[in-house]
Amino acid sequence: MLFLSLNITYLLALLTYYNTPRPPKAHTPPTTQISRSDDTSTSHSPLLLAALTTTPLPKSGKVVVEVYYEVLCPDSRYFILKQLYPTWQRVGSIMDIQYKPYGKASHRASDGGYMFQCQHGPNECQGNMIHTCAMHYIPESTKLTEYIHCMMGDNYDPMQAGRNCASQLEIEWSPIEACASGKEGQKMLAVVGDDTHSLRPRVSFIPTIVLNGSQDNQKMMLKNLLKEVCRKYQGVKPKECIETL
């Protein structure tokens, strides 16, 4: 009788244990790998960093095309004139181009601003700065691409090229000139430089192209950007893509 009583007591204890509600386990969110290092060599305004360094999410499904280049680099010039611009002319409606004019330069803080050393000399640093200031003072993406294309046609006297292209495209030159001649432009270009240095894998060739955050198929992007942009695009393919793929 005692043995039966113990068994009943044991069964009741088990039932109570398994029917008692328990608090849910804490959820640990998955980590996300990104293509940039969090390390930066200089400190900048959060708004400036957000404007110039953040890889944007595709707008309405557009392919984000980041172009890391130098204004006096022959390969950069060829890519922008012979690949990027013609691709944009054909399928610009599915592209969101982000210009990164810095390349293999270096910079350091100096007297409230920055000093730069560029692969092709001081004129390239000046040209890189004009392009960076143009990104800020030309809000229309279409006009900005036309301006970059115009300057890349003849960047060897950057100030003159910048002035001439602004006149041709009816763009106000004075704010771009003031920016590129002072510490505002220096700070903006330093942000682009930090963004370039933080890219992973590191930049080894200029230009380097990034599509939707990926550097995969770099050789193909440099040789046939149209095809690679069309491959990345997830929406209804325009006829120019159908003809290419």
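In this predicted model, Cys150 and Cys165 form a disulfide in which the two sulfur atoms lie 2.1 Å apart. The link of Cys150 and Cys165 is left-handed, with a value of -85° about the S-S bond. Distant parts of the chain are linked by this pair, since Cys150 belongs to helix α5 (residues 141-152) and Cys165 to helix α6 (residues 158-168), with their positions 15 residues apart in sequence. Cys165 has a relative accessible area of 4% and is therefore buried, the cut-off for that term being under 20%.

This bond is one of four disulfides in the count. When the bonded cysteines are numbered along the chain, the disulfides of the protein follow the pattern 1-2, 3-6, 4-5, 7-8.

A further disulfide joins Cys133 to Cys179, with an S to S distance of 2.0 Å. The torsion about the S-S bond of Cys133 and Cys179 is about -75°, and the disulfide is therefore left-handed. Because Cys133 lies in helix α4 (residues 122-137) and Cys179 in helix α7 (residues 174-180), the pair ties together parts that are 46 residues apart in sequence. Both ends of this bond are enclosed by protein in the sense of the accessibility values: Cys133 counts as buried at 0% relative accessibility, and Cys179 is likewise buried, with a relative accessible area of 0%.

Towards higher residue numbers, Cys230 and Cys241 form another disulfide, and here the sulfur atoms are 2.0 Å apart. The torsion about the S-S bond of Cys230 and Cys241 is about -80°, so this disulfide too is left-handed. The pair links distant parts of the chain, as Cys230 is located in helix α10 (residues 225-232) and Cys241 in helix α11 (residues 239-244), 11 residues apart. Cys230, at 0% relative accessibility, counts as buried, and Cys241 is buried with a relative accessible area of 0%.The nonpolar interior was examined next. In soluble globular proteins, nonpolar side chains tend to be buried together. The largest nonpolar core of this model holds 56 residues, and the members that touch the most other members are Val65, Leu84, Met95, Tyr147, Ile176 and Val229. Helix α3 (residues 74-91) supplies the largest share of this core, namely seven residues. The surroundings of Val65 can be given in detail: when its neighbours within four places in sequence are left aside, Val65 is in contact with Leu84, Met95, Asp96, Ile97, Gln98, Ile209, Val210, Leu211 and Val229. Among these partners, Leu84, Met95 and Val229 are themselves named with Val65 as core members that touch the most others.

Empty space inside the protein was also considered. Rolling a probe the size of a water molecule over the atoms shows where empty space is left. The count comes to one cavity of 30 Å³ or more, and about 30 Å³ of space lies in the largest cavity. The lining of the largest cavity is made up of Val71, Leu72, Cys73, Pro74, Arg77, Met152, Asn155 and Tyr156, and these lining residues divide into six nonpolar, one polar and one charged. One of the lining residues, Cys73, counts as buried at 5% relative accessibility.

Several features of the backbone complete the description. A cis peptide bond, with omega of about 0°, joins Arg200 and Pro201, and Pro201 is placed in the loop between α8 (183-198) and β5 (208-211). Another cis peptide bond joins Ile206 and Pro207, with omega of about 5°, and Pro207 is also found in the loop between α8 and β5.

Positive values of phi occur in residues other than glycine. Asp111 is not a glycine, yet its phi is positive at about 55°; Asp111 lies in the loop between β3 (106-110) and β4 (113-117). With 68% relative accessibility, Asp111 counts as exposed, because that term requires a value over 50%. Asn212, which is likewise a residue other than glycine, has a positive phi near 50°, and its place is in the loop between β5 and α9 (218-223). At 35% relative accessibility, Asn212 counts as partly exposed.

Methods
Residues are numbered from 1 along each chain as its sequence is written. This is a predicted model: local features need pLDDT of at least 70, side-chain atom pairs count only at pLDDT 80 or more; totals for chains, interfaces and linings use all residues. Side-chain values use heavy atoms; hydrogens and water are left out. A nonpolar core is a set of buried Ala, Val, Leu, Ile, Met, Phe, Trp, Tyr and Cys residues joined through side-chain atoms within 4.5 Å. Buried means under 20% relative accessible area, exposed over 50%, partly exposed in between (1.4 Å probe, protein chains only). Helices (H or I, at least four residues) and strands (E, at least two) are DSSP runs, numbered from the N terminus. Contact means heavy atoms within 4.5 Å. A disulfide is a pair of cysteine sulfur atoms within 2.5 Å. On a 1 Å grid over the protein atoms alone, a cavity is a set of points where a 1.4 Å probe fits but cannot get out, and a pocket is an open set with protein on both sides within 12 Å along at least five of seven lines; lining residues have an atom within 4 Å of a point. Grid points are joined across faces, edges and corners, and a volume is the space filled by probe spheres set on the points. Ala, Val, Leu, Ile, Met, Phe, Trp, Tyr, Cys and Pro count as nonpolar, Asp, Glu, Lys and Arg as charged, and the others, Gly among them, as polar.
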